[in-house]
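Work through the exercises below with the sequence and the 3D view open. Try each task before reading its solution.

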Amino acid sequence: MWASDCIELFTGAENLDEGGLLQFGDRQLILRAANVEGDLAAYYVGNAPRSYELQMRVVPGVDANTYAMEAAIPFEALGFVPTPVKEILFDIVINDGTGGGRRAIAWNGTARKERGAWGKAVFVK
(Lines give C-alpha, C1' and ligand atoms only; values in the text may rest on other atoms or scores of the structure.)
Protein backbone atom coordinates (compact mmCIF):
# COMPACT_ATOMS: atom_id res chain seq x y z
CA MET A 1 0.00 0.00 0.00
CA TRP A 2 2.80 2.45 0.85
CA ALA A 3 4.88 1.69 -2.26
CA SER A 4 2.80 4.05 -4.40
CA ASP A 5 0.92 7.31 -3.97
CA CYS A 6 -1.48 7.19 -1.05
CA ILE A 7 -3.07 9.24 1.69
CA GLU A 8 -3.00 8.02 5.29
CA LEU A 9 -5.55 9.36 7.76
CA PHE A 10 -5.14 8.66 11.47
CA THR A 11 -8.01 9.21 13.94
CA GLY A 12 -8.43 8.68 17.65
CA ALA A 13 -11.63 9.36 19.59
CA GLU A 14 -10.56 8.12 23.04
CA ASN A 15 -7.87 9.13 25.55
CA LEU A 16 -7.24 12.43 23.77
CA ASP A 17 -4.55 13.53 26.21
CA GLU A 18 -2.47 10.35 25.90
CA GLY A 19 0.46 10.18 23.50
CA GLY A 20 2.35 7.12 22.34
CA LEU A 21 1.68 4.72 19.50
CA LEU A 22 -1.75 3.80 18.13
CA GLN A 23 -4.21 2.73 20.80
CA PHE A 24 -6.85 0.01 20.49
CA GLY A 25 -9.62 2.36 19.29
CA ASP A 26 -7.46 4.47 16.94
CA ARG A 27 -7.75 4.00 13.18
CA GLN A 28 -5.29 4.21 10.30
CA LEU A 29 -7.02 4.62 6.96
CA ILE A 30 -4.98 4.27 3.76
CA LEU A 31 -6.36 5.46 0.42
CA ARG A 32 -4.18 4.40 -2.49
CA ALA A 33 -4.29 5.27 -6.17
CA ALA A 34 -3.76 1.73 -7.45
CA ASN A 35 -4.31 2.31 -11.15
CA VAL A 36 -5.23 5.85 -12.09
CA GLU A 37 -5.85 5.07 -15.76
CA GLY A 38 -8.14 2.16 -14.95
CA ASP A 39 -9.93 4.20 -12.28
CA LEU A 40 -9.20 1.44 -9.76
CA ALA A 41 -8.36 2.32 -6.20
CA ALA A 42 -7.56 0.44 -3.04
CA TYR A 43 -8.09 1.23 0.62
CA TYR A 44 -7.31 -0.26 3.98
CA VAL A 45 -8.82 0.47 7.39
CA GLY A 46 -6.27 -0.56 9.98
CA ASN A 47 -6.83 -1.29 13.64
CA ALA A 48 -10.58 -1.77 13.07
CA PRO A 49 -12.80 -4.52 14.52
CA ARG A 50 -14.23 -5.33 11.09
CA SER A 51 -13.91 -4.33 7.46
CA TYR A 52 -15.75 -1.32 6.08
CA GLU A 53 -16.82 -0.47 2.55
CA LEU A 54 -15.58 2.83 1.21
CA GLN A 55 -16.36 4.41 -2.13
CA MET A 56 -13.39 5.85 -4.00
CA ARG A 57 -12.76 7.44 -7.33
CA VAL A 58 -9.42 8.38 -8.86
CA VAL A 59 -9.50 10.74 -11.84
CA PRO A 60 -6.39 11.42 -13.98
CA GLY A 61 -5.37 15.06 -14.44
CA VAL A 62 -5.22 16.66 -17.87
CA ASP A 63 -1.40 16.56 -17.81
CA ALA A 64 -1.28 12.76 -17.24
CA ASN A 65 1.10 13.33 -14.29
CA THR A 66 -1.49 14.24 -11.67
CA TYR A 67 -4.80 12.94 -10.42
CA ALA A 68 -7.58 13.69 -7.98
CA MET A 69 -8.82 11.25 -5.35
CA GLU A 70 -12.27 11.36 -3.82
CA ALA A 71 -13.54 9.04 -1.09
CA ALA A 72 -16.77 8.57 0.82
CA ILE A 73 -15.78 7.26 4.25
CA PRO A 74 -18.32 6.22 6.88
CA PHE A 75 -17.58 7.81 10.25
CA GLU A 76 -17.85 4.37 11.85
CA ALA A 77 -14.77 3.32 9.86
CA LEU A 78 -12.91 6.20 11.51
CA GLY A 79 -13.85 4.88 14.94
CA PHE A 80 -16.44 7.40 16.12
CA VAL A 81 -19.86 8.90 15.55
CA PRO A 82 -19.83 12.69 15.12
CA THR A 83 -21.88 14.68 17.60
CA PRO A 84 -21.89 18.41 18.37
CA VAL A 85 -18.78 19.36 20.33
CA LYS A 86 -17.22 15.94 19.66
CA GLU A 87 -13.43 16.20 19.70
CA ILE A 88 -11.06 13.70 18.06
CA LEU A 89 -7.35 13.38 17.40
CA PHE A 90 -6.29 13.26 13.77
CA ASP A 91 -3.31 13.34 11.44
CA ILE A 92 -2.95 13.11 7.68
CA VAL A 93 0.08 11.91 5.70
CA ILE A 94 0.58 12.30 1.94
CA ASN A 95 2.85 9.58 0.52
CA ASP A 96 4.46 10.13 -2.86
CA GLY A 97 5.73 6.83 -4.27
CA THR A 98 7.05 8.25 -7.55
CA GLY A 99 10.35 6.96 -8.92
CA GLY A 100 10.64 3.87 -6.76
CA GLY A 101 11.25 5.88 -3.59
CA ARG A 102 8.86 7.04 -0.93
CA ARG A 103 8.39 10.56 0.32
CA ALA A 104 5.94 11.31 3.11
CA ILE A 105 4.61 14.68 4.20
CA ALA A 106 2.67 14.63 7.47
CA TRP A 107 0.46 17.36 8.90
CA ASN A 108 2.22 16.96 12.25
CA GLY A 109 5.64 17.35 10.66
CA THR A 110 6.69 13.70 10.90
CA ALA A 111 5.50 10.46 9.33
CA ARG A 112 5.45 8.62 12.66
CA LYS A 113 2.35 7.09 14.21
CA GLU A 114 2.86 9.20 17.35
CA ARG A 115 -0.62 10.20 18.49
CA GLY A 116 0.78 12.79 20.89
CA ALA A 117 1.74 14.89 17.85
CA TRP A 118 -1.65 14.63 16.13
CA GLY A 119 -3.97 17.60 15.85
CA LYS A 120 -7.46 17.88 17.29
CA ALA A 121 -10.69 18.38 15.36
CA VAL A 122 -13.94 19.53 16.94
CA PHE A 123 -17.33 18.85 15.36
CA VAL A 124 -19.77 21.70 15.89
CA LYS A 125 -23.41 22.15 15.08
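**Exercise 1. A residue in its surroundings**

In which strand does T11 lie? Then decide whether T11 is buried or exposed, and find its partners.

Solution. The model is a predicted one.

Step 1: T11 belongs to strand β1.

Step 2: The relative accessibility of T11 is 3%. Buried means under 20%, so T11 counts as buried.

Step 3: Leaving aside neighbours within four places in sequence, T11 is in contact with D26, R27, L78, I88, L89, F90 and W118.

Step 4: With one of these residues, L78, there is also a polar contact: the T11 side chain reaches the backbone oxygen of L78 at 2.7 Å.

**Exercise 2. The chain as a whole**

Describe the secondary structure of the protein chain and state what share of its residues is buried.

Solution.

Step 1: The protein chain has zero helices and eight strands. Read from the N terminus, the order is β-β-β-β-β-β-β-β.

Step 2: Of the 125 residues, 29% are buried.

Step 3: The chain exposes about 7600 Å², and 55% of this comes from carbon and sulfur atoms.

Step 4: Take the contacts with a separation of 6 or more; residues 24 or more positions apart account for 56% of them.

**Exercise 3. Salt bridges**

How many salt bridges does the structure hold? For each, give the distance, the location of both residues and their exposure.

Solution. Side chains of opposite charge can pair when their charged atoms come close. The structure holds three salt bridges.

Step 1: D17 and K120 form a salt bridge through their side chains, with 3.5 Å from N to O. D17 is in the loop between β1 (6–12) and β2 (27–35), while K120 is in strand β8 (residues 119–123), and the two are 103 residues apart. With 75% relative accessibility D17 counts as exposed, whereas K120, at 42%, is partly exposed.

Step 2: D26 pairs with R115, and their closest N and O atoms are 2.7 Å apart. D26 lies in the loop between β1 and β2 and R115 in the loop between β7 (103–106) and β8, so this pair ties together parts that are 89 residues apart in sequence. Both D26 and R115 are buried.

Step 3: R50 and E76 form a salt bridge with 3.3 Å between the closest N and O atoms. R50 is in the loop between β3 (40–46) and β4 (55–60), and E76 is in the loop between β5 (67–72) and β6 (86–96), so the pair connects parts 26 residues apart in sequence. R50 is partly exposed at 45% relative accessibility, and E76 is partly exposed at 45%.

**Exercise 4. Nonpolar cores**

Which residues make up the largest nonpolar core? Examine V45 as one of them.

Solution.

Step 1: The largest nonpolar core has ten residues, namely A13, L29, L31, V45, Y52, L54, A77, L78, F80 and I88.

Step 2: Not counting residues up to four places away in sequence, V45 touches R27, Q28, L29, Y52, L54 and A77.

Step 3: There is a second, separate core of five residues, including L89, V93, A106 and W118.

**Exercise 5. Aromatic pairs**

How many aromatic pairs are there? Describe the one formed by F10 and W118.

Solution. A pair of aromatic rings is described by the distance of the centres and the angle of the planes.

Step 1: The count comes to five aromatic pairs.

Step 2: In the pair of F10 and W118, the centres are 5.6 Å apart and the planes make an angle of 35°, so the pair is tilted.

Step 3: F10 lies in strand β1 and W118 in the loop between β7 and β8, so the pair ties together parts 108 residues apart in sequence. Both F10 and W118 are buried.

Step 4: Ring pairs also link F75, F80 and F123 into a cluster.

**Exercise 6. A residue for comparison**

Where is A68, and which residues does A68 contact?

Solution.

Step 1: A68 is in strand β5.

Step 2: A68 has a relative accessible area of 44% and is partly exposed.

Step 3: Apart from neighbours within four places in sequence, A68 is in contact with R57, V58 and V59.

Step 4: A68 and R57 are eleven residues apart along the chain, and their C-alpha atoms are separated by 8.1 Å.

Definitions and conventions:
Residues are numbered from 1 along each chain as its sequence is written. This is a predicted model: local features need pLDDT of at least 70, side-chain atom pairs count only at pLDDT 80 or more; totals for chains, interfaces and linings use all residues. Side-chain values use heavy atoms; hydrogens and water are left out. A salt bridge is a side-chain nitrogen of Lys or Arg within 4 Å of a carboxyl oxygen of Asp or Glu. Helices (H or I, at least four residues) and strands (E, at least two) are DSSP runs, numbered from the N terminus. Buried means under 20% relative accessible area, exposed over 50%, partly exposed in between (1.4 Å probe, protein chains only). A nonpolar core is a set of buried Ala, Val, Leu, Ile, Met, Phe, Trp, Tyr and Cys residues joined through side-chain atoms within 4.5 Å. Contact means heavy atoms within 4.5 Å. Rings of Phe, Tyr and Trp (its six-membered ring) pair if their centres lie within 6.5 Å; planes under 30 degrees apart count as stacked, over 60 as edge-to-face and the rest as tilted. Accessible areas come from the Shrake-Rupley method with a 1.4 Å probe; for residues, only the protein chains shown count as cover. A polar contact is a pair of N or O atoms within 3.5 Å; within protein, one must be able to donate a hydrogen and the other to accept it, and residues adjacent in sequence count only if both atoms are side-chain atoms.
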